[in-house]
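Visitor: I am new to this structure and would like to learn how its descriptions are justified. Could you show it to me and then explain the words you use?

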Amino acid sequence: MRTVDLRSDTVTQPTPAMREAMANAVVGDDVMGEDPTVRRLEEMSAERLGKEAGLFVVSGTMGNLVSLLAHCGRGDEVILGDAAHTYIYEQGGIAALGSIHPRVLPNQPDGTLDLADIEAAIRPDNIHFPRTRLIAVENTHNRKGGVVLPPGYMAAVGALAKRHGLRLHVDGARLFNAAVALGVPAAELVRDADSVTFCLSKGLSAPVGAVVCGSDEFIQEVRRARKVVGGGMRQAGVIAAAGIVALEQMVDRLAEDHANARRLAAGIAPLPGIDLDLASVQTDIIIFSLHRPDMTPEQLVETMGRRGVLFFPIGGDRLRLVTHYGVDESDVDYTVAQFCEVLAA
Ligand code: TLP
């Protein structure tokens with residue numbers, strides 16, 4: 001039986017070119033700043049994002065954590081969305097490890113935070129209040145279906161932050177998906193951001209890692225924060241080498257994942273009980289609801305799993321499918337056929 005793993009783009013396997021680059025990587029002790037492969041990845045990343053410097057970290061979660069640790073002190077406040085990955089899926093690490101206070105605003109269906117909501121949430125200088133330090137946005141927005149926050153919004157939120165003397169962090173775990181979907185350079189999306197995390201191990205298919213980018217001064221602070229959470233790696237060039245291949249070879253092909261997601265979404269949207277807004281399918285993520293008297297989302301996942309199609313429920317009546325390098329058009333057609341058989345009745 002065929003297996004089509006749509007649980008996440010994190011399941012991607014390293015490509016043969018990555019394995020070769022990993023085997024041949026020239027390495028050194030990166031805590032001592034001596035790994036040329038890590039340094040090359042960091043320089044390439046910073047250049048792609050139009051920032052002064054980059055820092056290789058273990059994961060997207062670590063990238064967001066160390067960025068926020070570097071921006072905020074104890075009791076400082078970050079404004080972020082109620083559907084933000086950092087708020088929902090990172091164990092509250094910013095509070096647990098950084099004593100950073102989250103000020104949570106509703107994420108709009110398009111993944112944005114309403115600019116008027118942000119303005120209203122910024123604390124006045126008053127002894128009773130925490131100090132607002134940072135705004136954090138996510139692009140693409142995972143829980144909102146991989147939607148893309150366009151350059152105009154990113155510039156507007158950046159301008160708002162500057163006007164109020166705040167910093168802007170972008171969780172760009174899938175920033176390159178956004179850039180490819182919009183047909184703009186990634187740097188344009190984060191021009192007004194003080195820090196950005198992007199992941200190498202999602203659609204870009206590297207086995208491990210993320211990169212934080214920002215100013216030289218900021219990255220020095222992030223380097224300290226990475227060390228205190230145990231993220232100083234030694235001969236990390238072995239994994240950074242795959243990240244270099246990811247940036248060189250795997251960005252443009254994300255368009256295939258987006259096309260496959262659209263094909264899959266269009267195939268299942270008409271099925272009885274599926275509620276799927278095709279306009280929300282802008283990148284590699286499809287989120288839909290299931291409304292069936294005869295089947296719960298968990299039962300659908302189990303039935304489809306027996307047919308080799310793997311995906312996750314994400315709470316309530318909602319489910320998520322993610323396309324990636326390991327899923328081709330024939331896998332999509334197989335998946336649609338299985339959905340049809342299971343749900344046609
Ligand atoms: N997201 C994973 C899971 O944690 C849910 C997924 O399968 O989508 N920011 C965003 C927007 C993310 O989607 C993720 C991972 C992260 C950060 C964290 O990255 P990792 O998994 O590398 O820590």
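Guide: Let us begin with a definition: a residue is called buried when its relative accessible area is under 20%, exposed when that area is over 50%, and partly exposed in between, with a 1.4 Å probe and protein chains only. This is a predicted model, in which local features need pLDDT of at least 70 and side-chain atom pairs count only at pLDDT 80 or more, while totals for chains, interfaces and linings use all residues. Residues are numbered from 1 along each chain as its sequence is written, and side-chain values use heavy atoms, with hydrogens and water left out.

Visitor: Why is Arg-133 called partly exposed?

Guide: Arg-133 has a relative accessible area of 33%, and because partly exposed covers the range between under 20% and over 50%, the term applies.

Visitor: What makes the contact of Asp-76 and Arg-133 a salt bridge?

Guide: A salt bridge requires a side-chain nitrogen of Lys or Arg within 4 Å of a carboxyl oxygen of Asp or Glu; the side chains of Asp-76 and Arg-133 meet at 2.8 Å, N to O, so the pair qualifies. Asp-76 lies in the loop between helix 3 (60-71) and strand 3 (77-81), and Arg-133 in strand 5 (residues 132-138), so the salt bridge ties together parts that are 57 residues apart in sequence. Helices (H or I, at least four residues) and strands (E, at least two) are DSSP runs, numbered from the N terminus.

Visitor: Why is Asp-76 called buried?

Guide: The relative accessible area of Asp-76 is 7%, and since buried means under 20%, the word fits.

Visitor: How do you know that Arg-123 and Glu-77 form a salt bridge?

Guide: Their side chains meet at 2.7 Å, N to O, which is within 4 Å, so this pair also satisfies the definition. The pair links distant parts of the chain, with Arg-123 in the loop between helix 6 (115-121) and strand 5, and Glu-77 in strand 3, 46 residues apart. Glu-77 has 0% relative accessibility and therefore counts as buried, whereas Arg-123, at 23%, counts as partly exposed.

Visitor: Why is Arg-163 called exposed?

Guide: Arg-163 has a relative accessible area of 56%, and because exposed means over 50%, the name is justified. Arg-163 forms a salt bridge with Glu-119, the closest N and O atoms being 2.7 Å apart. Glu-119 lies in helix 6 and Arg-163 in helix 7 (residues 151-163), so this pair ties together parts that are 44 residues apart in sequence.
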